[in-house]
Amino acid sequence: MVWIPPGALVAGTSPQSVPRSADEEMAGEQLVLRGFHIDRFPYPNEEGAIPTTGVTQEGAARLCAGQGKRLCSELEWERACKRSEEHTSELQSHHP
């Protein structure tokens, strides 16, 4: 698992961003989230394994619970994805 530290998330995208689904996402609002762990790979969280697909959200929640875990919230998922982009940018800026 990967630790995503507590911190700010700019949720969604600004109203000026394109493409953007105005009815479906937040307008780039800053929120502070607690830290959390997220699996490094899709379920079953094994490198090289074929990710499990075609399950309902309830089914996915049961699979996670069976491993003593839970599904991430939408905001946690966005924070983990954006954190990855920020980290990549930091690495690129320090290594020409």
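Start by selecting E76 and showing everything around it. Leaving out residues up to four places away in sequence, E76 touches L33, F36, R70 and L71. Keep in mind as you go that this is a predicted model. E76 lies in helix α2, and at 12% relative accessibility it counts as buried.

Now add R70 as sticks. The side chains of E76 and R70 meet in a salt bridge, 2.8 Å from N to O. The two partners sit in contrasting surroundings: E76 is buried at 12%, while R70 is exposed at 53% relative accessibility.

Stay on E76 and bring in S73. What lies 2.9 Å from the backbone nitrogen of S73? A polar atom of the E76 side chain does. So with E76 centred you can show both the salt bridge to R70 and the approach to the S73 backbone.

**Further along α2**

Next, select E78 and K82. Both lie in helix α2, 4 residues apart, which is about one turn of the helix. Their side chains meet in a salt bridge, again with 2.8 Å listed from N to O. E78 is buried, with a relative accessible area of 19%; that value falls under the 20% cut-off for buried. K82 is partly exposed, at 25%.

**Across the loops**

How many salt bridges does the structure have by this rule? The count comes to 3, so there is one still to visit. Select K69 and D39: they form a salt bridge whose closest N and O atoms are 2.8 Å apart. This pair links distant parts of the chain, 30 residues apart. K69 is in the loop between α1 (57–65) and α2 (74–94), and D39 is in the loop between β4 (36–38) and α1. Colour both by accessibility and you'll find K69 partly exposed at 27% and D39 partly exposed at 21%.**Over to α1**

Pick A60, which is found in helix α1. Is A60 buried or exposed? It is buried, with a relative accessible area of 17%. Leaving aside neighbours within four places in sequence, A60 is in contact with V55 and L71. Draw a C-alpha to C-alpha distance from A60 to L71 and you should get 7.4 Å, for residues 11 apart in sequence. You have met L71 before, among the residues that E76 touches.

**The two cysteines**

Show C64 and C72 next. The structure holds 0 disulfides. C64 is in none, and the nearest cysteine sulfur, that of C72, is 8.0 Å away. Why is there no bond from C72 to C64? Because the 8.0 Å between their sulfurs is too far for one; a disulfide needs the sulfur atoms within 2.5 Å. As for their surroundings, C64 is buried at 15% relative accessible area, whereas C72 is partly exposed at 28%.

**Zoom out**

Switch to cartoon and look at the whole chain. The secondary structure comes to 2 helices and 4 strands, running β-β-β-β-α-α from the N terminus. Of the 96 residues, 16% count as buried; among them are E76, E78, A60 and C64.

Turn on a surface if you like. The accessible surface of the chain comes to about 7400 Å², and 54% of it belongs to carbon and sulfur atoms. For the contact map, consider the pairs with a separation of 6 or more: residues 24 or more positions apart account for 56% of those contacts.

**Colour by confidence**

For the last stop, colour the model by pLDDT. The chain averages 81, and 79% of the residues score at least 70. Which element has the highest confidence, and which the lowest? α1 is highest, at a mean of 96, and α2 is lowest, at a mean of 64.

Finally, select residues 87–96. Here pLDDT stays under 50, and the model has 1 contact beyond four places in sequence for this stretch. Where pLDDT is low, the predicted coordinates should not be read in detail.

Terms used. Residues numbered from 1 in each chain as written. Predicted model: local features only at pLDDT ≥ 70, side-chain atom pairs only at ≥ 80, totals over all residues. Heavy atoms only, no water. Buried < 20%, exposed > 50% of the residue type's maximum accessible area, 1.4 Å probe, protein only. Contact = heavy atoms within 4.5 Å. Areas by Shrake-Rupley, 256 points an atom, 1.4 Å probe, with all protein chains shown as cover. Salt bridge = Lys/Arg side-chain N within 4 Å of Asp/Glu carboxyl O. Polar contact = N/O pair within 3.5 Å; in protein donor to acceptor, adjacent residues only side chain to side chain. pLDDT = per-residue confidence, 0-100.
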